[in-house]
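Subject: Structure handed over, with notes

Hello,

Here is the structure you were going to look at. My notes on it follow below.

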Amino acid sequence: MDERRTVRHVLLGHFFRRFFDNDTIQVEGDTQTTVVRALSAVAVPGLMVAFFLGLGAPVVRSQAQVLMPHYFFVLLPFVVMSVVALFEWEMLFPDRLDFLVLTPLALKPQEMLGAKAKALAIFLGMFLVSVNVFAMAIYPGAGHSYVFRTLLAQAVAASMSGLFGALVFLAIGGVLLCVLSAAHFRIASPILQLVASCGLLLLVLHFALFGGWILQQLDAHAGFVRWMPTVWFLGVYEHVLYGDAALPFAAEMARRGLIATVAAAVVVVTTYPMTWARMRRMAIEGVTGDRLRPWRVSEWLVQRVVRKPGERAVFSFIGQTMARNNRYQVYLSMYYGIGLGLAIACSLSFTAKGGQVYLGTSRDGLHAIVPLMMFWVIAGLRAAFGLPVNLQAGWIFRVTGVKLSECSAAARSWAMMCAMVVLGCILIVLRLLGWDAWHLLVQAGTGFCLALLLTNAFFFSQEAVPFNKPRMPGKSKWGLAMALYLIVLPQFVFRMIDVEHGVEHKWTRAVGWCVATVVVWGLMAWRRKKSPPLDDDWAEYSGEYLLLGLGPR
């Protein structure tokens, strides 16, 4: 009996540590340190907001002033738990590697399933408690007459909101795993993560821009607001706090929140054992023959665009790594989902009149999409190529004599190709919105020039094989990244909007813009050629791999 208990304990610890075994984030220290850092990060927003609300709580408050903090405290756990579920998407479900390693051992399938489910419950429970604990401890006592009822409402509504945020993605993933093949699930997962990340950002932006109007929107029976999950749990908060004296919307929204949470839990409990059995069968039988092969058109295009063999090999290596590494796909899907959400938020305009919010499109916002997405796509790929997700493959490039200059050129070509695909999608959307040929031509020219300049600028100092440069201990670039996205990006987008308006009103400015682009691009290419040869930097890889004396002579 003690032996089986020890086995279950070891399995539980193994599955729990696997949640934090992530190559796409920088982790220094043991699992305990990583857990403390993650829990602290999600606890800080609730602590800060609850503390400042307690300091500045007025004696007499309007209904909107009362409702906004309540809405924030159900929005925060929903967003945090949804992000946690999306970021750990691969590890929420049974993993093929676990089956391949653990199945040959003397372990019962029920023990493995129970340990995985328990580890998942502990993992999600820790984040749920962490995101709510300070808000529950501070906010109910901040000038409220009914401290106990406020505490109860805070605990029930925020816990249900965070629980639903995690369960809904577990339920969706379980259903997809049960009905789709492995290859189609790998296609559907990034799309779901992208759309979900975009939706979560739009929820946050809706609160930031129109949180003060939430009562008017609910009173006006605005359909899209009443179907927002966070509003359901706002209804739970109000119903628990005030009972029958709550606002008219509270009872209906609370009912929807309760039904949605129970339904998501039932789906998870039903599908999780089924996904476990299906993943176990696929791990034993193998799914290599089920992989989707690349299109012949894309292969033909790569051969025509990327001429050098070494550069073409690195180009293909980038594509295969992105298609094979699930953790990397999660990072890219969430990152580009946020970019898509920003683009949608820029393109829309909201007008509030008489308690009603009217939706429209912003002309300046539509002009911001091209520079925003060109910057977002290329900057994201530059950061992504620096993630050490495939260190095991680095030795082959040195053995075959591929030059680091070819690796850098392949990274630029891949980023340029992705930027052109995104630009084409943006032009299609603008055409559907009724833009004429001249304005589309301006957007196309601006996007191409920006992609050319930004690709060369961001990859100017790229001196490593993508995904193969080990992290340097103790070095962090968070400050630089925050400055880039919070300071540089907004100013860049505003200046490019002015450039686009100038070119649209006077076509001769397009000539100057093109000439400036060619000159700057030429200077960067000339400076890159004058730089010390990158091929001497292969020495930094000698400590990472056992080369056995192999390599170019």
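Arginine 256 and glutamate 252 sit in one helix, H12 (residues 249-285), 4 residues apart, which is about one turn of the helix. Helices here are DSSP runs of H or I with at least four residues, strands are runs of E with at least two, and both are numbered from the N terminus. The side chains of arginine 256 and glutamate 252 meet in a salt bridge, at 2.8 Å from N to O. The term salt bridge is used when a side-chain nitrogen of Lys or Arg is within 4 Å of a carboxyl oxygen of Asp or Glu.

Before going further: this is a predicted model, in which local features need pLDDT of at least 70, side-chain atom pairs count only at pLDDT 80 or more, and totals for chains, interfaces and linings use all residues. Residues are numbered from 1 along each chain as its sequence is written, and side-chain values use heavy atoms, with hydrogens and water left out.

**Charged side chains**

Side chains of opposite charge can pair when their charged atoms come close. How many salt bridges does a search of the whole structure find? The search finds 2. Besides the bridge in H12, arginine 495 forms one with aspartate 498, where the closest N and O atoms are 3.6 Å apart. Both of these residues lie in helix H20, 3 residues apart, again about one turn of the helix.

Glutamate 252 is partly exposed because its relative accessible area is 30%; the cut-offs are under 20% for buried, over 50% for exposed, and partly exposed in between, with a 1.4 Å probe and protein chains only. Arginine 495 is partly exposed, at 45%, and aspartate 498 is partly exposed, at 45%.

Arginine 256 also lies over the face of tryptophan 227, at 4.0 Å from the ring centre. For a charge to sit over a ring, NZ of Lys or CZ of Arg must be within 6 Å of the ring centre and within 35 degrees of the ring normal. Arginine 382 lies over the face of phenylalanine 459, at 5.9 Å from the ring centre.

**Aromatic rings**

A pair of aromatic rings is described by the distance of the centres and the angle of the planes. Rings of Phe, Tyr and Trp (its six-membered ring) pair if their centres lie within 6.5 Å; planes under 30 degrees apart count as stacked, over 60 as edge-to-face, and the rest as tilted. The count by this rule is 18 aromatic pairs. In one of them, phenylalanine 72 and phenylalanine 73 have ring centres 5.4 Å apart and planes at 75°, so the pair is edge-to-face. Both phenylalanine 72 and phenylalanine 73 are buried.

Phenylalanine 375 and phenylalanine 458 also form an edge-to-face pair, at 5.5 Å centre to centre and 80° between the planes. This pair links distant parts of the chain, as phenylalanine 375 is in helix H16 (residues 363-384) and phenylalanine 458 is in helix H19, 83 residues apart. Phenylalanine 375 is buried, with a relative accessible area of 3%, and phenylalanine 458 is buried, at 18%. Ring pairs link these two into a cluster with Tyr331, Tyr335, Tyr336, Trp376, Tyr485 and Phe492.

**Leucine 11**

Leucine 11 is found in helix H1 (residues 2-18). Is leucine 11 buried or exposed? At 5% relative accessibility, leucine 11 counts as buried. Leaving aside neighbours within four places in sequence, leucine 11 is in contact (heavy atoms within 4.5 Å) with Leu102, Leu107, Glu111, Met112 and Ala115. Leucine 11 and glycine 114 are 103 residues apart in sequence, and their C-alpha atoms are 9.4 Å apart in space.

**The whole protein**

The secondary structure comes to 21 helices and 2 strands. Of the 553 residues in the protein, 46% are buried. Among contacts with a separation of 6 or more, 84% are between residues 24 or more positions apart. The accessible surface comes to about 28,100 Å², with 68% of it belonging to carbon and sulfur atoms; areas come from the Shrake-Rupley method with a 1.4 Å probe, and for residues only the protein chains shown count as cover.

Regards
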